[in-house]
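Let's take a friendly look at the aromatic rings here and at what sits around them.

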Amino acid sequence: QVQLVESGGGLVQPGGSLRLSCAASGSIFSINAMAWYGQAPGKQRELGAAITSGGSTNYADSVKGRFTISRDNAKNTVFLQMHSLKPEDTAIYYCNARRPIADPTGRYAYWGQGTQVTVSS
């Protein structure tokens, strides 16, 4: 299995920046992609950005040009650098790790506990 621990959330003013971190441990070798999802109050969890083991990235249209996902393979950590934050970016941000072959329990994905990002003046 894989354990994910997020950090870096907080309160920031509109136009500000934050960097989220997600540290992965456990069966890291099984992961082929990691991602950040945001869940705003009363809404479904939505993909914000993803990165493959090869370094390919994709972003939701709403964050393109403002957010950057990156990874430090040596530290088994994925980052989400967020710039030009807007009030509508307010959400709980969850780290996600995916594997192409199910683990012994049948899981293909793992989630962190989430970190709150609030954009408000």
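Tyr37, Tyr94 and Trp111 are joined into a cluster by ring pairs. The model is a predicted one, and a search through the whole structure turns up two aromatic pairs. A pair of aromatic rings is described by the distance of the centres and the angle of the planes. Here are those values:

| Pair | Geometry | Centre to centre | Angle between planes |
|---|---|---|---|
| Tyr37 and Trp111 | edge-to-face | 4.9 Å | 70 degrees |
| Tyr94 and Trp111 | edge-to-face | 6.5 Å | 85 degrees |

Where do the partners sit along the chain? Tyr37 belongs to strand β4 (residues 33-39) and Trp111 to strand β10 (residues 109-111), so their pair ties together parts that are 74 residues apart in sequence. The pair of Tyr94 and Trp111 also links distant parts of the chain, with Tyr94 in strand β9 (residues 91-98) and Trp111 in strand β10, 17 residues apart.

Is each ring residue of the cluster buried or exposed? Tyr37 has a relative accessibility of 16%, and because buried means under 20%, Tyr37 counts as buried. Tyr94 is buried too, with a relative accessible area of 12%. Trp111, at 36% relative accessibility, counts as partly exposed.

Charged side chains come into the picture as well. Which residue lies over the face of Tyr94? That is Arg45, at 3.6 Å from the ring centre. Elsewhere, Arg19 has its charged end over the ring of Phe79, 4.2 Å from the centre of that ring.

Methods:
Residues are numbered from 1 along each chain as its sequence is written. This is a predicted model: local features need pLDDT of at least 70, side-chain atom pairs count only at pLDDT 80 or more; totals for chains, interfaces and linings use all residues. Side-chain values use heavy atoms; hydrogens and water are left out. Rings of Phe, Tyr and Trp (its six-membered ring) pair if their centres lie within 6.5 Å; planes under 30 degrees apart count as stacked, over 60 as edge-to-face and the rest as tilted. Helices (H or I, at least four residues) and strands (E, at least two) are DSSP runs, numbered from the N terminus. Buried means under 20% relative accessible area, exposed over 50%, partly exposed in between (1.4 Å probe, protein chains only). A charge sits over a ring if NZ of Lys or CZ of Arg is within 6 Å of the ring centre and within 35 degrees of the ring normal.
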